[in-house]
Amino acid sequence: MSIKNVFGRISQHFRRQDETAKVAKERLQIIISHERVQRDQPDYLAAMQRDLLDVIARYVNINKDDVRVELERQEGCSVLELNVVLPQQ
Amino acid sequence: MAKIIVVTSGKGGVGKTTTSASFAVGLATRGYKTAVIDFDIGLRNLDLIMGCERRVVYDFVNVIRGEANLNQALIRDKHAKELFILPASQTRDKDALTLEGVGNVLDELSKTFDFIVCDSPAGIERGAQLAMYFADSAIVVTNPEVSSVRDSDRMLGLLSSKTKRAEEGKGQISEHLLLTRYCPKRVTKGEMLSLADINEILAIPLLGVIPESQAVLRASNAGVPVVIDSESDAGQAYADAVGRFLGEEVPFRFLQEKSHWIKRLFSFKEKEAV
Ligand SMILES: Nc1ncnc2c1ncn2[C@@H]1O[C@H](COP(=O)(O)OP(=O)(O)OP(=O)(O)O)[C@@H](O)[C@H]1O
Ligand SMILES: [Mg+2]
């Protein structure tokens with residue numbers, strides 16, 4: 001083992017706890033891809049999601065995170081996707 | 001017809017004004033007639049960075065309100081012959097800038113200038129939106145730090161929808177990433193997002209990487225844009241970026257850490273041993 005390797009090993013040992021850049025990158029990738037999807041959606045979508053939630057909540061006991069509304073643009077038309085996770089009886 | 005460049009970022013304090021000053025000087029010293037406009041109404045600072053704070057008589061808002069004409073408000077830069085500065089006003093009136101007023105000023109400047117550099121305020125309010133509205137190109141200034149990168153992405157979203165070009169369907173404005181306050185040493189240690197990371201996330205063409213540099217504070221202390229300090233790393237990096245903006249192929253510098261003398265010594269010994 002060369003003296004440079006020894007040097008590298010030692011500094012690596014002290015370094016590990018500081019390698020936070022990887023975490024930063026992963027967090028950014030997730031939040032930015034999420035925000036990009038929202039950005040391309042029309043403004044009424046959030047309001048519609050709230051209204052749909054109210055209607056569904058009248059019949060079943062669900063909470064806010066159980067409803068997902070997404071608008072997917074395809075050639076010539078848009079598809080509104082509604083995902084509702086219903087509680088098991 | 002002038003080319004209008006907005007220097008923007010969303011997040012505050014990342015280096016927009018530093019960049020606007022150096023970019024404007026860089027363009028002007030290459031012979032392009034350039035105007036640089038401070039859009040940060042109420043927080044005028046470009047004048048200090050350019051070293052012309054004591055020569056401000058009239059400002060951007062005076063011109064918009066018809067209280068002065070453009071020639072009275074434009075300040076001739078003392079570093080570069082072809083450069084003029086239009087300072088922001090210190091008014092607290094948030095609505096001092098109007099779409100029509102800004103458009104008229106830019107139209108008039110466009111007749112005689114080659115480039116107009118718009119130094120945007122932070123945030124996504126009126127001032128920032130007006131600074132970008134008429135732009136042909138955007139320089140998105142980003143620091144290697146999570147909130148700055150996220151805000152830059154937000155700005156890219158606005159740039160693609162909230163500009164005159166986008167609204168009139170005249171094609172996208174050209175977007176350029178300028179990464180500033182970069183510390184190769186901390187990147188090597190895994191402490192700082194790397195150029196590759198940020199490039200991958202934002203995915204727009206890279207205009208330049210400006211290292212974290214002591215020369216920037218020295219330059220602002222003196223009121224001499226850092227690009228004029230041609231000995232400094234940041235000054236050289238800004239000059240390179242201006243070259244790239246004008247279509248030159250300039251290799252990237254200051255991306256590697258300057259190795260410590262102990263490391264250099266060891267690698268030297270190793271080479272000898274081979
Ligand atoms: N490459 C650099 N190295 C070191 N310091 C820098 C560098 N770039 C900018 N700075 C410092 O960062 C601070 C903010 O810079 P600047 O005023 O250009 O940012 P800004 O984006 O215009 O801020 P604001 O959003 O308030 O308008 C200043 O103190 C400046 O000296
Ligand atoms: Mg500024």
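# A tour of chains A and B

Select T34(B) and F115(B): T34(B) stands opposite F115(B) in β5(B). That pair is the starting point. Keep in mind that this model is predicted.

## The strand β5(B)

Stay on β5 of chain B, residues 115-119. Is this strand covered or open? Mostly covered: 5 of its 5 residues are buried. Show the side chains next. F115(B), V117(B) and D119(B) point one way from β5(B). I116(B) and C118(B) point the other way. Side chains in a regular strand alternate between the two faces of the sheet.

Now add the strands that pair with β5(B). Select residues 34-38 of chain B, which form β2. β2(B) and β5(B) run parallel, joined by 5 bridges. Then select residues 3-8 of chain B for β1. β1(B) is also parallel to β5(B), again with 5 bridges. To find the register between β1(B) and β5(B), click I4(B): its bridge partner in β5(B) is I116(B).

## Next stop: S110(B)

Go to helix α5 of chain B, residues 99-112, and pick S110(B). Buried or exposed? S110(B) is buried, at 6% relative accessible area. Which residues does it touch, beyond those within four places in sequence? They are M1(B), A2(B), I4(B) and I116(B). You have already met two of these: I4(B) and I116(B) are the bridge partners between β1(B) and β5(B). Show S110(B) together with I4(B) and I116(B) to see these contacts.

## The whole sheet

Colour the strands of chain B. 8 strands form an open sheet in the order β3-β4-β2-β5-β1-β6-β7-β8, with mixed pairing. Which strands stand at the edges? They are β3 (75-76) and β8 (206-211). Each has a single partner strand, so one side of each is left without a neighbour in the sheet.

Walk from β2(B) to β4(B), residues 83-86. These two strands pair in the parallel sense over 4 bridges. A35(B) is a handy marker here: its bridge partner in β4(B) is F84(B).

Now cross to the other edge and select β8(B). It is an edge strand, yet 6 of its 6 residues are buried. Its pairing is with β7(B), residues 174-182, in the parallel sense over 5 bridges. Click Y182(B) in that pairing: P211(B) stands opposite in β8(B).

## Two backbone oddities

Most residues other than glycine have a negative phi. Two residues of chain B go against this.

Select R181(B), which lies in strand β7. Its phi is positive, about 60°, although it is not a glycine. R181(B) is partly exposed, with a relative accessible area of 42%.

Then select F254(B). Where is it? F254(B) sits in the loop between α12 (233-245) and α13 (261-273) of chain B. Its phi is near 60°, again positive in a residue other than glycine. F254(B) counts as partly exposed at 24% relative accessibility.

## Zoom out on chain B

Switch to a cartoon of all of chain B. You should find 13 helices and 8 strands. The radius of gyration is 19 Å, close to the 19 Å the globule rule gives for 274 residues, so chain B is as compact as a globular protein of that length. Along the principal axes, its C-alpha atoms fill a box of roughly 75 × 40 × 35 Å.

How much of chain B is buried? Buried residues make up 53% of the 274. Among contacts between residues at least 6 apart in sequence, 73% join residues at least 24 apart.

Put a surface on chain B. Its accessible area comes to about 12800 Å², and 49% of that belongs to carbon and sulfur atoms. Colour by charge next. Chain B has 34 positive and 36 negative side chains, and the centres of the two sets lie 3 Å apart.

## Last stop: chain A

Hide chain B and show chain A. Here you will find 3 helices and 2 strands. From the N terminus on, they run α-α-α-β-β. Of the 89 residues in chain A, 16% count as buried. Contacts with a separation of 6 or more include 33% between residues 24 or more positions apart. Chain A exposes about 7500 Å², with carbon and sulfur atoms supplying 51% of it.

Conventions
Residues numbered from 1 in each chain as written. Chains lettered and ligands numbered in written order. Predicted model: local features only at pLDDT ≥ 70, side-chain atom pairs only at ≥ 80, totals over all residues. Heavy atoms only, no water. Buried < 20%, exposed > 50% of the residue type's maximum accessible area, 1.4 Å probe, protein only. Pairing = 2+ DSSP bridges. Rg over C-alpha atoms; globule rule 2.2 N^0.38 Å. Contact = heavy atoms within 4.5 Å. Areas by Shrake-Rupley, 256 points an atom, 1.4 Å probe, with all protein chains shown as cover. Lys, Arg positive; Asp, Glu negative; His and termini not counted. Charge placed at Lys NZ, Arg CZ, Asp CG, Glu CD.
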